[in-house]
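Me: I have not looked at this structure before. Please take me through some questions about it.

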Amino acid sequence: MVPGVYGPSGSSHSFAIAGSNVASVLVIDSDETSVETLVPALREAGHSVRVARTGAGGLVGARSQPPDVVLLDAVLPDISGTEVCRSLKSDDVTRSACIVFVSAKNSDVDRVLGLELGADDYIAKPFSAREIVLRVQALLRRTSGAPASRSTQGQLWIDRGAHRAFVRGRDIRLTALEMRLLCALYDGGSRVQSRASLLNEVWRDERGIATRTVDTHVKRLRKKLGEAAIYIRSVRGVGYAFDAFPHGSAL
């Protein structure tokens, strides 16, 4: 867990696909009353919620485990919410997150600045918890028409549109074939995929490829994934599966 960023009780794992009705939400707010209002309401709606009390903690948390939605106060104890928004929108890892300002600083100038920096919405404090949940749901519906291009599991983040993958915010620089292999394993989930089926899906129309080629590329992929390699499970004599909750994982 990133210092200063508090996740859901009982597990540090989260799974979300951008555009779905369930989102991973990062609340960046030092106001205890706001946090105590937001978190239960969002979790009751089915969302995974983490909290950062400072702007710096929020940036670290967002980069290490990119959220679908950021609820951001404009007034923070260390750096301004506008600077946090600017940083999130200028970073390849976090720029696709929906950002909603939730702040008592809500003059017309503040609202315009927030929206100009790339925020999707601006809600004034005091607020209704129900309104926040409905605004988040509206954002998710708005983006659900586009194909899901971002997938997260624990500290692994896959940006299909950009053909990039990240572990704890670090770009692991996969080849095009390695990216296809990772996506094929991820999409298969816990279902065991044979080497032959992976050959057919990843290598496509290439001929004369031996099944042991799959083992070689899985080995290379695991090496690049580092600590996230624990998600790729070998099934002796059959093939591979993507284990969302591997035994003993600390991710």
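Me: Is helix α6 largely enclosed by the rest of the structure or largely open?
Reply: In this predicted model, L177, E178, M179, L181, L182, C183, A184, L185, Y186 and G188 of α6 are buried. A residue counts as buried under 20% relative accessible area. Ten of the 13 residues of α6 meet that, so the helix is largely enclosed.

Me: How far apart are the end C-alpha atoms of helix α6, residues 176-188?
Reply: Helix α6 has 13 residues, and at 1.5 Å a residue the expected span is 18 Å. The span in the model agrees with this, because the end C-alpha atoms are separated by 18 Å.

Me: Which residue just after α6 takes a positive phi?
Reply: The phi in question is about 60°. It belongs to the residue that comes just after the helix, G189.

Me: Are α2 and α3 roughly parallel or roughly antiparallel?
Reply: Helix α2 covers residues 55-64 and helix α3 covers residues 81-90; their axes come within 10 Å and cross at roughly 20°. Angles under 35 degrees count as roughly parallel. The two helices α2 and α3 are therefore roughly parallel.

Me: How many residues of the contact of α2 with α3 are nonpolar?
Reply: On the α2 side the contact has G55, L59, A62 and R63, and on the α3 side V84, S87 and L88. Two of the residues in this contact are polar and one is charged. The nonpolar ones number four.

Me: Is the crossing of α2 and α3 left-handed or right-handed?
Reply: The axes of α2 and α3 cross at roughly 20°. As α2 passes α3, the crossing is right-handed.

Me: What is the separation of the C-alpha atoms of V60 and R168?
Reply: V60 belongs to helix α2, while R168 is in the loop between β10 (164-167) and β11 (170-171). Both are partly exposed, V60 with a relative accessible area of 45% and R168 with 36%. Along the chain they are 108 residues apart, but their C-alpha atoms are separated by 9.6 Å.

Me: Is R173 buried or exposed?
Reply: R173 lies in the loop between β11 and α6. Its phi is near 50°, a positive value in a residue other than glycine. Exposed means over 50% relative accessible area. R173 has 65%, so the residue is exposed.

Me: Are α7 and α8 roughly parallel or roughly perpendicular to each other?
Reply: The axes of α7 (residues 195-203) and α8 (residues 212-225) come within 9 Å, with a crossing angle of roughly 75°. The range from 65 to 115 degrees counts as roughly perpendicular. The relation of α7 to α8 is therefore roughly perpendicular.

Me: How many residues of the contact of α7 with α8 are charged?
Reply: R195, L198, L199 and W203 of α7 make this contact with T213, V214, D215 and H217 of α8. Four of these residues are nonpolar and two are polar. The number of charged residues is two.

Me: Which residue is joined to K125 by a cis peptide bond?
Reply: The omega of this bond is about -5°. The partner of K125 is in the loop between β7 (121-124) and α5 (129-143). That residue is P126.

Me: What percentage of the residues of the protein count as buried?
Reply: The protein has eight helices and 14 strands. Its residues number 251, and the buried share is 49%.

Technical notes:
Residues are numbered from 1 along each chain as its sequence is written. This is a predicted model: local features need pLDDT of at least 70, side-chain atom pairs count only at pLDDT 80 or more; totals for chains, interfaces and linings use all residues. Side-chain values use heavy atoms; hydrogens and water are left out. Helices (H or I, at least four residues) and strands (E, at least two) are DSSP runs, numbered from the N terminus. The expected span of a helix is 1.5 Å times one less than its number of residues. Buried means under 20% relative accessible area, exposed over 50%, partly exposed in between (1.4 Å probe, protein chains only). Axes are lines fitted to C-alpha atoms, for helices over the stretch in contact, and angles run from 0 to 180 degrees between N-to-C directions. Angles under 35 degrees count as roughly parallel, over 145 as roughly antiparallel, 65 to 115 as roughly perpendicular and the rest as oblique. A crossing is left-handed if the near helix is turned anticlockwise from the far one by less than a right angle, and right-handed if clockwise. Contact means heavy atoms within 4.5 Å. Ala, Val, Leu, Ile, Met, Phe, Trp, Tyr, Cys and Pro count as nonpolar, Asp, Glu, Lys and Arg as charged, and the others, Gly among them, as polar.
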